[in-house]
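Subject: Structure for your review

Dear colleague,

Please find below the structure I am handing over to you, together with its sequence. My notes on what was found in it follow.

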Amino acid sequence: MTDVIMPAYNRSPISFECGEGVWLWDTQGEKYLDALSGIAVSVLGHCHPAILEAITQQAQKVLHVSNGFEIPQQEKLAQTLTNLSSMDQVFFANSGAEANEAAIKLARLYGHNKGIKNPTIIAMEGGFHGRTLATLSASGNRTIQAGFEPLVQGFLRAPYNDLEALETLAHNSSDIVAVMLEPILGNAGIIIPDEGYLKGIRKLCDDQGWLMILDEVQTGIGHTGQYFAYQHENIIPDVLTLAKALGNGIPIGACLAHGEAIDIFQPGKHGTTLGGNPFACHVSQAVLDTIVQEDLLNHVQAMSSYLEKQLRESLREFPQITEIRIKGLMIGIQLDQDCMALRKYGLEQGLIFNVTKTNAIRLLPPLIIQTAELDILIEKLHATLTAYFNEQ
Ligand SMILES: Cc1ncc(COP(=O)(O)O)c(C=O)c1O
């Protein structure tokens, strides 16, 4: 690594030359199984023909025009997204943090429109919403906040998966306008809440006149086996944020609104130069079309059942593993100890994953992964853990 790049990331000393499907090849010709999808992004794997075609098609026409004009690709994508999600409107951004900034601003405006002068948003302990000032303030993670004080005001903290705590906050504050949460905590290690939790929050928001904001930047676009994680509980949020897999590698984010939350951003209230440009929207459309055409939701559910059975079987011999959490193709493997170095052992076996919260392995394989590739993934993970614990 050179000193012309700000040292903001801990990088492994590997660079990738090319990829195909779930596989990546580094510049030395070594082959890796990508079980992380660039952190929940490359859901169709690498170099999917439909995405290559969409990229070429649109690049030959026009990349960018500005939101001062009508953008048919944006309207088409918004139509597809609202159809899939049962939401009503979309604002396009370029990343997850930006999608969440839009959601936070929308909730504040919603509060002000109701005469609430200090609109307050409840956000969760352990939650992660991005690295901009407002989104890191919303995140329940001191590590990412430290050094950036003063934080953005207007957030109340609640423990995750605890409906009673939210009810207590409801009694104690009249400034609350929204609850913001991930339906599964991704960066905290794939923490899956109890069944009924989202439904309970939906009801509380309805009773209190709060907006329910779901951050599906990591869970959205199929990784849980539904397009959106809330569809497992048959509810509809008021605000939904997406990014990552929405572009399969092309930067795009989206903030969707439903019911009470629509029409809040009038001209002049929010904007972005690149958000929703013809290129990003055309590629994103191809991502969603491909998920439908290849019936990938059913595929994810089938792969999830297969993986869960095989993985539990294979990892049974490691007493250091205390829990395996799986929803669709989002997998958290909890260890009883810090294991940051495991990532390096994985790379030595040709397996890409990451470690979150210092002690949980996170796997987010592409949705297109097949059983034979899952077998290899499990084999490599087993070899990684064996080598790691043998050398300890
Ligand atoms: C749940 C969630 N929200 C927001 C973000 C931020 O997205 P981005 O890195 O695209 O700004 C992430 C990124 O990991 C995320 O997992």
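Which backbone atom lies 2.8 Å from an oxygen atom of the ligand? It is a backbone N or O atom of Gly96. Please bear in mind throughout that this is a predicted model.

**The ligand site**

The ligand is surrounded by 13 residues, and the closest are Gly96, Ala97, Asp215, Gln218 and Lys244. Besides the Gly96 contact, two side chains deserve mention. Asp215 places a polar side-chain atom 2.7 Å from a nitrogen atom of the ligand. In the side chain of Gln218, an N or O atom is 2.7 Å from an oxygen atom of the ligand. The ligand taken alone exposes 390 Å², of which the protein buries 81%. Helix 4 (residues 96–113) supplies the largest share of the surrounding shell, with 3 residues.

**His129**

His129 is found in the loop that runs between strand 5 (120–124) and helix 5 (133–138). Is this residue, His129, buried or exposed? With a relative accessibility of 2%, His129 counts as buried, because the cut-off for a buried residue is under 20%. Beyond its neighbours within four places in sequence, His129 is in contact with residues including Gly96, Ala97 and Asp215. These three are also among the closest residues to the ligand. Other contacts of His129 include Asn100, Thr135, Met180 and Glu182.

**The four-stranded sheet**

A further region to examine is an open sheet of 4 strands, ordered 11-12-15-14 and paired in antiparallel fashion. Strand 11 (321–327) and strand 14 (354–356) stand at the edges; each has a single partner strand, so one side of each is left without a neighbour in the sheet. On average, neighbouring strands of this sheet are turned by 25° against each other, direction ignored.

Within the sheet, strand 12 (residues 330–335) and strand 15 (residues 360–363) run antiparallel and are joined by 4 bridges. Gln334 stands opposite Ala360 in strand 15.

Two helices accompany these strands. Helix 10 (residues 296–315) packs on the sheet, where it touches strand 11 and strand 12, and its direction makes about 175° with that of strand 11. Helix 12 (residues 371–390) lies across strand 11, strand 12 and strand 15, and runs at about 160° to strand 15.

Yours sincerely

Notes
Residues numbered from 1 in each chain as written. Predicted model: local features only at pLDDT ≥ 70, side-chain atom pairs only at ≥ 80, totals over all residues. Heavy atoms only, no water. Pairing = 2+ DSSP bridges. Axes fitted to C-alpha atoms, helices over the stretch in contact; angles between N-to-C directions. Contact = heavy atoms within 4.5 Å. Buried < 20%, exposed > 50% of the residue type's maximum accessible area, 1.4 Å probe, protein only. Near = heavy atom within 4 Å. Polar contact = N/O pair within 3.5 Å; in protein donor to acceptor, adjacent residues only side chain to side chain. Areas by Shrake-Rupley, 256 points an atom, 1.4 Å probe, with all protein chains shown as cover.
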